[in-house]
Amino acid sequence: MEQFNNKTHTYGRIWVIVALIGFIMIPVTISAHLDAFPSASVVLKGLAPIALLFYPTAVIEVFTYTPLLGAGATYVSFITGNINNLKLPCVLSSLSTANVRANSDEGELLSTIAACTSSIVTTIIVAAGVVVFSPILPYITDKGSPFAPAFSQVVPALFGALGMSYFAKHYKLAFVPIAALCLLLLIKGDLAVGVLIPVGVVVSMLSAHLMFKKGWVK
């Protein structure tokens, strides 16, 4: 297992660097092809408001998701993206089904397989969907379509179904963080997921620790 973990970190770091270079080279290549490089002041002006929100969120997500995903799944998820909607639910569902902990050797292997499988299946489905459904997709997702409300509720339905199994098993632990997040949304309903998740994690840990100290949970 130690050899597996060492190779995971080695290849993970390599591919993270390769992916980062690839992401950066796309706009650089387009700019070089069109011979239209924006000035640094223009780039910083457009980047500043986005960086203020997403850079801290990106750092927070690493510390939030890594204990849930494990090392291998973290590398795969941050390279392929869509962690919150696909990778994390797949990993948590696989761990729950196998009844193993995320920080165990079995959990590390299973979470890596789940994240990789999710990436492969997602790529295949997206490719097939583009080819098959591209002619009719605009009509299905149009605001006037009877299917439009369903498309806007896919993520809540996914996490509701996934979360309910955990809430039912650990309803005492779930009550405080859910109440705290609902209160935050009542105060400010447009809070980003990148803010809500870290807050929920901190509140969950603190409330669980206090309940354990009080003897309310075992």
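Here is a walk through the fold, from the whole chain down to single residues.

First, some ground rules: this is a predicted model, in which local features need pLDDT of at least 70 and side-chain atom pairs count only at pLDDT 80 or more, while totals for chains, interfaces and linings use all residues. Residues are numbered from 1 along each chain as its sequence is written, and side-chain values use heavy atoms, with hydrogens and water left out.

Let's start with the overall picture. The protein chain has 10 helices and 0 strands, where helices (H or I, at least four residues) and strands (E, at least two) are DSSP runs numbered from the N terminus. Reading along the sequence, then, you get α-α-α-α-α-α-α-α-α-α. Along the principal axes, the C-alpha atoms fill a box of roughly 65 × 55 × 40 Å.

How much of the chain is tucked away? Of its 218 residues, 22% count as buried; that word means under 20% relative accessible area, with exposed being over 50% and partly exposed in between (1.4 Å probe, protein chains only). The chain exposes about 15200 Å², and carbon and sulfur atoms supply 75% of that area. Those areas come from the Shrake-Rupley method with a 1.4 Å probe, and for residues only the protein chains shown count as cover. As for contacts (heavy atoms within 4.5 Å), take those between residues at least 6 apart in sequence: 57% of them join residues at least 24 apart.

Now go inside. The largest nonpolar core has 12 residues: Tyr 65, Leu 69, Ala 73, Val 76, Ile 83, Leu 88, Val 91, Leu 92, Leu 95, Ala 114, Ala 115 and Leu 162. Helices H2 (40–69), H3 (71–80), H4 (83–98) and H5 (105–133) each give two or more residues to this core, and H4 gives the largest share, with 5 residues. A nonpolar core here is a set of buried Ala, Val, Leu, Ile, Met, Phe, Trp, Tyr and Cys residues joined through side-chain atoms within 4.5 Å. Val 91 is a good place to zoom in: leaving aside neighbours within four places in sequence, Val 91 is in contact with Leu 68, Leu 69, Ala 73, Ser 111, Ala 114 and Ala 115.

H3 deserves a look of its own. This helix is mostly covered, with 7 of its 10 residues buried, namely Ala 71, Gly 72, Ala 73, Thr 74, Tyr 75, Val 76 and Ser 77. Some of that stretch meets Thr 8, which sits in helix H1 (residues 2–34). Thr 8 touches Ala 71, Gly 72 and Tyr 75, not counting neighbours within four places in sequence. Thr 8 has a relative accessible area of 14%, so this residue counts as buried. A polar atom of the Thr 8 side chain also lies 2.8 Å from the backbone oxygen of Phe 4. Helix geometry helps in reading such a pair: an α-helix has 3.6 residues a turn, so residues three or four places apart point the same way.

What happens after H3? The helix is followed by Gly 81, whose phi is positive, near 85°. Asn 82 lies in the loop between H3 and H4, and its phi is also positive, near 55°, in a residue other than glycine. That stands out because most residues other than glycine have a negative phi. At 40% relative accessibility, Asn 82 is partly exposed.

Past H4 there's another asparagine to check. Asn 99 is in the loop between H4 and H5, with a positive phi near 55°. Is Asn 99 buried or exposed? With 69% relative accessibility, Asn 99 counts as exposed. Its C-alpha is 51 Å from that of Ala 40, with the two positions 59 residues apart in sequence numbering.

Two more pairs show how sequence and space can part ways. Ser 93, in helix H4, is 66 residues from Phe 159 in sequence and 11 Å from it in space, C-alpha to C-alpha. Ser 93 is partly exposed, at 33% relative accessible area. Phe 54, in helix H2, is 66 residues from Ile 120 in sequence and 26 Å away in space, again C-alpha to C-alpha. Phe 54 is partly exposed too, at 48% relative accessibility.

Conventions: Polar contact = N/O pair within 3.5 Å; in protein donor to acceptor, adjacent residues only side chain to side chain.
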